[in-house]
Amino acid sequence: MTRKVIYVALNGVTGRMGYRQHLVRSLLAIREQGGVRLEDGSCLYPEPILVGRNEERLRAIAERHGLERWTTSLDEVLADPSVDVYFDTQVTSAREASLLKAIVAGKHVSTEKPVAETLDGALRLARAAKAAGISHGVVHDKLFLPGVMKLQRLIGSGFFGRVLSVRLEFGYWVFEGDEIPAQRPSWNYRAEDGGGITLDMFPHWQYLLTDLFGPISAVYARTATHIPRRWDESGSPYDATADDAAYAVLEFASGAFASVNSSWAVRVNRRELLEMQVDGTAASAVAGLRDCAVQHRVSTPMPVWNPDLPDPIEYQALWSDVPDNMTFDNGFKVEWELFLKCASEGRPFAWDLVEGAKGVQLANLALQSSAEGRRLEVPPLGI
């Protein structure tokens, strides 16, 4: 079998997400399976080039996985004509400038979210990428989660009838960092470094909800910084200047509504860290990262409000789990395989920088809505 090597520069690979999901569980996993099969029968084989600021950590990762190429110079790797793809998983504040450099250098680009801190920045990237004629993509990993794929099948089959509402609950308790170390980096809680749960998560909610339920037409949101003081990686206290919770009501063009609660200051009483309840005229479902439970109209109980007596209905027992009747691969890996195919052939990618800009738009509108205390419509991007 003919092997075609595609060189991928990964910037920010020393971070948790860049290392675990994008390097180890995606690109290295693709290499271990022999590459990605192309239509002509050949195999596309990714060759990672590690990019970052910390020479010691880069060298350690390279040695651990037997990788030969790494550098602390972004300019050096972008000037290398053998490099085909640039991927960015840095801190948000550094992303736009680096992506723009890669686009100007003629590289195909893929990136984590948000693609930029502002809508103007996101649109600037999308327009530059379109003008350059490159393949460009944005991580949309949650579309490939088992629970979401099960939910997508239900929607496609007409299971719900007319969708009435969606309730999305996401979050967990992120420790402050004083007595117990925080499980998220401190920059996430500093607005000046691009932190904040709205900018971090609303780009996810935009593509997830839009792909499932159609265009979002309006948003009303309130954000909060529930924990105003945290401790960083060195144990030093700092003031949290970014929002750690956001509560929103979204309206869909279809007439359905979504209530979306995102918080790093909530204790979990759900089956999974992310859950969506979808209610329709014919049926309902609760989908998470892996599970999806359903209740049809014919098996819906008839509750009666009576606070004076114990409720005789075991509500959760009346829901049925959708079975794992197919094999689910890692969502990041699945999207990487799709993007590498597009990049190798110079084809457009479905979830591109234009789609990434829509996520930044929703996040920015949610922050504006909270600041102004009013509902805002979501206008077309005009790109």
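1. Buried residues make up 50% of the 383 residues in the protein chain. The model is a predicted one. The accessible surface comes to about 18,100 Å², and carbon and sulfur atoms account for 51% of that surface.

2. On overall form, the protein chain has nine helices and 18 strands. Its radius of gyration is 22 Å, close to the 21 Å that the globule rule gives for 383 residues, so the chain is as compact as a globular protein of that length. Along the principal axes, the C-alpha atoms fill a box of roughly 70 × 55 × 45 Å. Among contacts with a separation of 6 or more, 70% are between residues 24 or more positions apart.

3. The largest nonpolar core has 79 residues, and Trp 205 and Leu 209 touch the most other members. Helix H7 (residues 197–213) gives the largest share of this core, 10 residues. A second, separate core has 26 residues, including Ile 49, Ala 116, Ala 126 and Val 138.

4. Which residues does Leu 209 touch, not counting those up to four places away in sequence? They are Val 166, Leu 168, Gly 214, Ile 216, Leu 250, Phe 252, Val 260 and Met 276.

5. At the surface, Tyr 220, Val 249 and Phe 257 make a nonpolar patch of about 250 Å². Val 249 sits in strand S12 (residues 245–252). Its relative accessibility is 39%, so Val 249 counts as partly exposed, a class that runs from 20% to 50%.

6. Trp 187 is found in the loop between strand S8 (163–171) and H7. This residue counts as partly exposed because its relative accessibility is 21%, and buried means under 20%. Leaving out residues up to four places away in sequence, Trp 187 touches Val 91, Thr 92, Asp 193, Gly 194 and Gly 195. The C-alpha atoms of Trp 187 and Ser 93 are separated by 9.9 Å, although the two residues are 94 residues apart along the chain.

7. One peptide bond to look at is that between Lys 113 and Pro 114, which is cis, with omega at about -10°. Pro 114 belongs to the loop between strand S6 (108–111) and helix H5 (119–132).

8. The structure holds 21 salt bridges. One of them joins Arg 31 and Glu 47, with the closest N and O atoms 3.2 Å apart. This pair links distant parts of the chain, with Arg 31 in helix H1 (residues 16–32) and Glu 47 in strand S3 (residues 43–51), 16 residues apart. Arg 31 has a relative accessible area of 16% and is therefore buried, whereas Glu 47, at 22%, is partly exposed.

9. Asp 200 and Arg 184 form another salt bridge, in which the closest N and O atoms are 2.9 Å apart. Asp 200 lies in helix H7 and Arg 184 in the loop between S8 and H7, so the pair ties together parts that are 16 residues apart in sequence. Arg 184 is buried, with a relative accessible area of 13%.

10. A salt bridge also forms between the side chains of Arg 271 and Asp 321 (3.2 Å, N to O). Arg 271 is in the loop between strand S13 (257–263) and strand S14 (274–280), and Asp 321 is in strand S17 (residues 320–321), 50 residues apart. Asp 321 is partly exposed, with a relative accessible area of 49%. Through salt bridges that share partners, Arg 271, Asp 291 and Asp 321 are joined into one network.

Conventions
Residues are numbered from 1 along each chain as its sequence is written. This is a predicted model: local features need pLDDT of at least 70, side-chain atom pairs count only at pLDDT 80 or more; totals for chains, interfaces and linings use all residues. Side-chain values use heavy atoms; hydrogens and water are left out. Patches are made of residues with over 30% relative accessible area and no salt bridge: like charges are joined within 9 Å, nonpolar side chains (Val, Leu, Ile, Met, Phe, Trp, Tyr) within 5 Å. Accessible areas come from the Shrake-Rupley method with a 1.4 Å probe; for residues, only the protein chains shown count as cover. A salt bridge is a side-chain nitrogen of Lys or Arg within 4 Å of a carboxyl oxygen of Asp or Glu. Helices (H or I, at least four residues) and strands (E, at least two) are DSSP runs, numbered from the N terminus. Buried means under 20% relative accessible area, exposed over 50%, partly exposed in between (1.4 Å probe, protein chains only). The radius of gyration is taken over C-alpha atoms; the globule rule is 2.2 Å times the number of residues to the power 0.38. Contact means heavy atoms within 4.5 Å. A nonpolar core is a set of buried Ala, Val, Leu, Ile, Met, Phe, Trp, Tyr and Cys residues joined through side-chain atoms within 4.5 Å.
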